[in-house]
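Hi there,

Here is the structure I promised to pass on to you. My notes on it follow below, so have a look at the model first and then read on.

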Amino acid sequence: MLALAAAGSVLAGPAVAADAGGRADLRADVNRDGRVDVTGSSDKAGENSWSVERGAVYLPNLDDDTKRCPVTGPGGKPLSDAKLAACNDGSDTKVNGSADAADLARVRSVPMPDLGKDAKGSLKVTTGGKHTHLFVKRSGKWVLVTSKTRLSAAELRSGVEFGVEGTDIVRDSAKWDGRAVVRLTVTSGQKSTSDNVTLRVAPLLTHHHLQNTQQVMVTEVQGQGTYSRLQQKFVAELGKEVKKAGVTAPLVKFKKYADPWTQDFVEPAYVSMTGPGGQRHVMRVMLRSAQPDRDAGRELFEKVRGRDVGVVQVTDRAEPDDWSLNSMGNLETIPPYAHGGRSFPAGRIIMGERKDSGARPSKVMRTMLKSQGLQDPLLLDTSWLGVGHVDEFVQFLPADTPRGWRMGVADPKAGLKLLRDAKRDGHGKTKMFSVPGRSDSPAPKETIDQALASKHLVADNEMAARRIAANLEILKRETGVTDKEIVRVPALYTRESEVMTAEGDEIPVPRLTRMGAGSDLVDSLGDRGQQKWLAENPAGSRAAAAATVMTSAYVPGAVNGVLLGRDRYLAPRQWGPVIGGKDIFTQAVTAAYQRVGLKVSYIDDWYTYHLGMGEVHCGTNTLRDASAAWWQRPAR
């Protein structure tokens, strides 16, 4: 089961009249303290406006609390993606049990004890009605409010409780900004009064690394082939490392679609509002990658969706955007910060674009993310990377500093220095890689001397260093991060091999020659796989190839690891040159993280992920604690 925050509903205050003069008065949890105040004024001021800091919040009710949504059609036939996404608790007009009732934001009418017997009331969602359901609680049951619903004089005298749910997230704020305005009209004799309250649907937010890891997700490829067995071994080792880090929830294992890149087909996100006692009521929302032909995303509906877990699908098949850029490994989140007059209390999204060719992540996805109003995506240039994901060179790490976090970045200059120092000290004949070979994939034989003398390695890493530095300038300008807050982690990159197309054009493709032909690993590489790459990655166009040298990790990319705890980091095993009985890259990487208080452990991903141009981060995903209030401003 998924690790979830405790569920709860917004509590109402005691039903005591605050205005006995007969004027309609509707209240919501404007101050977000977990109760609707009908006796005082704490929820009255600003009830018709909304800001990040103040205003009533309601949830997009996208989970499936009673598991009523089908995952197959008649005869077990698979449902279409559209039909899978169409069903959730907000897609019907019922409240499906107590867990579903907990997902409703509460609204109350202030009691009107002096009303006459002829009084009646009516309700209307005047703004956002297409995306909102309003329920009234009668005799302990929730009943949908329609245009025919009337409140009796007795109900109005004692005060009425209502529940509000959203049927969707905000997808394009130009079409709907998430607001719902609920109007209560009370008529008594010839007198009629009305009052409105404004709520906004909770923003869909992605996780950042100041939120503690609660559970880890991974694909476990089924079967007995070479790659399957290696990948199953990786999953077993991952489970052990997760437990060592103090994460007690079992791994969430995807088994159906054999897509090992669990980071790429989903981005765990969340929505939340305040529940009883001021605690956050959290609903996890799995954001499926904008890759409609990527079947692995279907398992989010089939396996993961349930109580307090929803799924959002955002795609546009007509978009010409880069398929690989739409993988969620290309979406990371800067932790909360404030700088330059802008505040990001829930953190800020970064994504990679290919400035050299003009390719960008899906426009509908970027529009949806920006429309949430809190994590305005910042685009970095990943033109120089074959896969093109931001997780290949940058990460964010907790820190006991006023800011609360640091940046970890790949450092190709440090990687080259390790090799040059080893050569200077007489170790040039040492093998570049210490990974043992396999019958279907011989171990690399190049030495440190050969690597440094190769046609492209030094130039490629000098280029990578320049590109990383340019991205760092963007991040420093936007966040205020200083050089002292940057952890530089030794890394090396290499350009991909080149093949000739039928038209005679040279196009870069993933460097998979170490795996051996016919390996079932090749068939399991998803968007990173050689066989599918040319068809599915428009970034491999002739224009892009002509403009840019594209690289991938030469030594397993250490920054492409998993933060399992505030002080526990899981990195890909380096398999670098062994000198004096020690791997020089492992030593350097460990030292870099230890200097900032992180304990580093390593997991072997050479044959399972590294050779497919990814690392342990690309093959995993994390569910994190989302109980903190997303509207509280960061310290700086």
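Strand E13 (residues 213-219) runs antiparallel to E35, and five bridges join the two. Within that pairing, Gln-215 has Leu-623 of E35 as its bridge partner. Please keep in mind throughout that this is a predicted model.

E35 itself deserves a closer look. All five of its residues, 620-624, are buried, so the strand is largely enclosed by the rest of the structure. In a regular strand the side chains alternate between the two faces of the sheet. In E35, Thr-620, Thr-622 and Arg-624 point one way, while Asn-621 and Leu-623 point the other way, and all are buried.

Next, a sheet to look for. Four strands form an open sheet in the order E12-E15-E16-E17, and the pairing is mixed. Its edge strands are E12 (205-206) and E17 (309-313), each of which pairs on one side only. E12 is joined to strand E15 (residues 266-274) by two bridges, and these two strands run antiparallel. If you want a spot to zoom in on there, Leu-205 stands opposite Tyr-270 in E15.

Two residues can be read along with that sheet. Arg-284 is found in strand E16 (residues 280-288). With a relative accessible area of 2%, Arg-284 is buried. Its C-alpha atom is separated by 8.6 Å from that of Ala-626, although the two residues are 342 positions apart along the chain. Asp-308 sits in the loop between helix H5 (298-304) and E17. Asp-308 also counts as buried, at 3% relative accessibility.

The backbone of Asp-308 is worth checking too. Most residues other than glycine have a negative phi. For Asp-308, phi is near 60°, a positive value in a residue other than glycine. Lys-67 is another case: its phi is positive, about 55°, although Lys-67 is not a glycine. You will find Lys-67 in the loop between strand E4 (56-58) and helix H1 (81-86).

Now for the helices. How do the axes of H7 and H9 cross? Helix H7 (residues 412-424) and helix H9 (residues 457-479) have axes that come within 8 Å and cross at roughly 150°. Angles over 145 degrees count as roughly antiparallel, and that makes H7 roughly antiparallel to H9. On the H7 side, the contact is made by Pro-412, Lys-413, Leu-416, Leu-419 and Arg-420. H9 contributes Leu-457, Val-458, Asn-461, Glu-462, Ala-464, Ala-465 and Ile-468. By type, the residues of this contact divide into eight nonpolar, one polar and three charged.

One more loop caught my eye. Thr-401 is placed between strand E23 (394-398) and strand E24 (405-411). Thr-401 is partly exposed, with a relative accessible area of 28%. Measuring C-alpha to C-alpha in the model, Thr-401 and Glu-485 are 9.3 Å apart in space and 84 residues apart in sequence.

Finally, some totals for the chain. It has 12 helices and 35 strands. Of its 636 residues, 61% count as buried. Among the contacts with a separation of 6 or more, 75% are between residues 24 or more positions apart. The accessible surface comes to about 24300 Å², and 50% of that belongs to carbon and sulfur atoms.

Enjoy exploring the model, and all the best!

Key
Residues are numbered from 1 along each chain as its sequence is written. This is a predicted model: local features need pLDDT of at least 70, side-chain atom pairs count only at pLDDT 80 or more; totals for chains, interfaces and linings use all residues. Side-chain values use heavy atoms; hydrogens and water are left out. Buried means under 20% relative accessible area, exposed over 50%, partly exposed in between (1.4 Å probe, protein chains only). Two strands pair if DSSP finds at least two bridges between them. Axes are lines fitted to C-alpha atoms, for helices over the stretch in contact, and angles run from 0 to 180 degrees between N-to-C directions. Angles under 35 degrees count as roughly parallel, over 145 as roughly antiparallel, 65 to 115 as roughly perpendicular and the rest as oblique. Contact means heavy atoms within 4.5 Å. Ala, Val, Leu, Ile, Met, Phe, Trp, Tyr, Cys and Pro count as nonpolar, Asp, Glu, Lys and Arg as charged, and the others, Gly among them, as polar. Accessible areas come from the Shrake-Rupley method with a 1.4 Å probe; for residues, only the protein chains shown count as cover.
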